[in-house]
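Dear colleague,

I am handing over the structure below, together with some notes on what was found in it. Please read the notes with the structure open beside them.

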Amino acid sequence: MKKLILIALILLSSLYAMSDKELARTIDLAGKQRMLTQKISKEALLVFMGIDLDKNVENLKKSAALFDKTLNGLMHGDKELGLVATSNKEIQNKLLEVKKLWLPFYKKVKDIYSFNDITDKTFEYIDKNNLKLLKRMNEAVFMYANLNKSGANKLKMAHNINIAGRQRMLTQRIAKDLLLYQSGVNTKESLEDLKKMQELFNKSLEALLEGDKKLGVAKTTLPKIRKQLELAKGQWQSCQSLIKRAIKDKKNQELTRETIECLDKTKDEMNKAVKLYTLSLNRQKQVLKLNSLIGNFLNQKSNSKHVINLAGKQRMLTQRISKLAIECKEELIPTSCKALEKFVALYDKTLNGFKKGDKELKLTPLKSPNAQKKIKEIEKVWQPFKEAAIKVQNSNGKDKASLEFILKNNEKLLKLSNDLVSILEKEHGKDLNYIEKAQLKIVNLAGRQRMLTQKMTKEKLAILSLKMTDYKSKLKKSVILFNKSLNGLIKGSKELGLPKVTNEAIKKQLLKVESIWNKVRPFYEKDKLSKKELVLLLKVNPILLDEMNKAVSLIEKSTDY
Amino acid sequence: MIFKKMLVWCVGITLCIPLMANQGEYKVKITPKVPYMDVDVMGDVVRVQRIQDLKHKLTNSYAKTSRPCPPFCVQPFTPIKGIKTIGEVELVDFLKNEVNNNTGVIIDARLPKWYKQGTIPGAINIPFPILNPNKSKEYLEQVLPILGVEKKNGKWDFSHAQNLVVFDNGPWCQQGTMAMKHLVNIGYPKDKIKYYRGGMQYWQILGLTVLKQDK
């Protein structure tokens, strides 16, 4: 039973769920209801005054029937009108208030067009209640508009459409006021209201054309809408003199007819402007929605790149830590021991981030079982490596056993760190498109250069300071690899599958790296270095790394290579 | 607002030619009868016109003739049978008749970093990977309704779908073709899709206005 109720509730809620398109249609039709309250009142008065009787009886019937059908549609839904009932209780209550006012109002209107009861009292009723009906309907429109707040008020001309919509109602209200004045019902108030509405129409039209900060109306710059507003303005201006004359010449039915027609034409012109505003706003909404979706999509994608980038940096850190451990022992650079602590902490934090997530590093735990398995393997090697690095730092490089441990195990840690990069690339690579795959190859190679800057220096230090001669061949290989890759990145290389760099910014950055490299390369290649030369090499090394880093970032961000 | 950051950018020159008041002032028109086209971009007007400097030459990356293939291989004139390939005049007509009436959308199918460097005024960026039904289903389900596609009884109904013009960097770029392939795979009717093969390269070669997002 509970399940059945739940299903019924889900079905009901889906019945009442309103799409953006349906909501836009609802706001439009609810907005038009405001105008209809005034149009109905105007047409009732025209019938009362016997002006174009047949035509106005028909118009009145149609307008009232449309108001009734739309109101019912707003309350219960109407397929023909494209209306879906809202589940919002406040709006439903407001619509009930409108209905309570409308039912007796509609009865009077029916009496008028059926000629059952056309007395002054009927018109007093219409006069007394039409603005109440307008007010309630207006409140409902604002409530619907509030449902549509998601970013809509940020759109250019979002308020213009409301103001332009109101202008349609104003033309009918002015017409109604004129007729009330002429028929002698509530003469003074009607004339006052007419003048007030005329002023409001003028002010609003000017605001739409030139903008009005106080009203929150933006200047309409789109030529098509401006042209339409100018047409409405021209029409409105011709109505103004007619209204003036019609107020003076109360009994001139022909003049009244002409004035009403003129106001109706103004309404139609304003309606066309509303439609143009609607088109522009709908386009803006479409762009905003797509932008938001694409933003989310890209965030998800850039997260993959971020993880791979951090894993890539871990490879470099294994070499940087090893290099700093030797530097610390040699006391060549005073800050080396302290830097050791910093980079050990960074490697540790990132590794933990891969495992458990890290807000600061913007990492969520890696889900892949392969990656988690590799992390466990890395941890086994990293823990004693980390302890050794800390011992080297605490002893200011005096702990020989720890330094030896680092030198013995750093390439093992490098290999495992590299394996993790490969796993991540393989798994995230499934989401890459063909352009990103082509770019990834270049980024990877450039990224490896960062690691090589550290590896070469570590190897040089191992040879010179620790007399580890077996590092000579390793250094030679690293230097050749760095040089070959840098040349390939700049000039292109069939062997490495690299195109020649043509992007000016990337080229400039790579040439900067090359210029530094050309200066320090002899130091790597010379068998012996003076202390001064070694210190210089150690000082330039972070600069080389930093400049290579900049090149990698540029390659990642640029559209072409 | 992001779109306040958008500015009109004319290829190769730092200052844009001011919007000209009347047709007579245009030496370089789009067609003999169409000197320019005004486009609504987020509620503001952007004039699509050609650079009026008769000595102007392209100097940016679209002046480049050669890029490695693959991936930057020359696309066939009709990469997908049934999808019509169009040129600049037809695109301007599409802007006037379809985009201005919300019956059509111009899709810049390139990745956002290209789009940000400059696009056709009035175009919307829908990067081709987001349209891939195999890799981006979650997003695709949200993109299609924005283009007027409705889901009825679990199936996509394209009867109210907007007409599309898809473009990318130019004839050497396959991002547009990929986007169209994805759209066709989903079931988007081919007669509702058009391909502007010239893309940004031909657009700029003709000195047409480029809309750039400010850095």
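**Helix pairs, domains and the chain contact**

In chain A of this model, which is predicted, helix 7 of chain A and helix 8 of chain A cross in a left-handed manner. The contact between them is made by A:F201, A:L205, A:L208 and A:L209 on the side of helix 7 of chain A, and by A:R226, A:L229, A:A232, A:K233 and A:W236 on the side of helix 8 of chain A. By class, the residues of this contact comprise 7 nonpolar and 2 charged, with no polar ones. As for the geometry, helix 7 of chain A covers residues 187-210 and helix 8 of chain A covers residues 223-248, and their axes come within 10 Å and cross at roughly 155°. Because angles over 145 degrees count as roughly antiparallel, helix 7 of chain A is roughly antiparallel to helix 8 of chain A.

A second pair is formed by helix 15 (residues 504-525) of chain A and helix 16 (residues 531-557) of chain A, whose axes come within 9 Å and cross at roughly 160°. That angle makes helix 15 of chain A roughly antiparallel to helix 16 of chain A, and the crossing of these two helices is left-handed. Among the residues that make the contact are A:I506, A:L510, A:V513 and A:W517 of helix 15 of chain A, and A:L537, A:V540, A:L544 and A:M548 of helix 16 of chain A. The residues of this contact divide into 16 nonpolar, 1 polar and 4 charged.

On the wider layout, the domain assignment of chain A gives domain 1, which is 1-148, and domain 2, which is made up of 436-457 and 466-561. The C-alpha centres of these two domains of chain A lie 75 Å apart.

Chain A also touches chain B, in a contact that takes 30 residues from chain A and 30 residues from chain B. On the side of chain A, the elements that give two or more residues are helix 9 (253-330) and helix 13 (434-464) of chain A, and helix 9 of chain A gives the most, with 13 residues. The residues on this side of chain A comprise 15 nonpolar, 8 polar and 7 charged.

Finally, a word on confidence: chain A averages a pLDDT of 88, and 93% of the residues score at least 70. Over residues 1-16 of chain A, however, the pLDDT is below 50, and this stretch has 5 contacts in the model beyond near neighbours in sequence. Where pLDDT is low, predicted coordinates should not be read in detail.

With best wishes

Notes
Residues numbered from 1 in each chain as written. Chains lettered and ligands numbered in written order. Predicted model: local features only at pLDDT ≥ 70, side-chain atom pairs only at ≥ 80, totals over all residues. Domains from an automatic or database assignment. Contact = placed C-beta atoms within 7 Å. Helix = DSSP H or I, 4+ residues; strand = E, 2+ residues; numbered from the N terminus. Nonpolar A, V, L, I, M, F, W, Y, C, P; charged D, E, K, R; others polar. Axes fitted to C-alpha atoms, helices over the stretch in contact; angles between N-to-C directions. Parallel < 35°, antiparallel > 145°, perpendicular 65-115°, else oblique. Left-handed = near helix turned anticlockwise from the far one by under 90°. pLDDT = per-residue confidence, 0-100.
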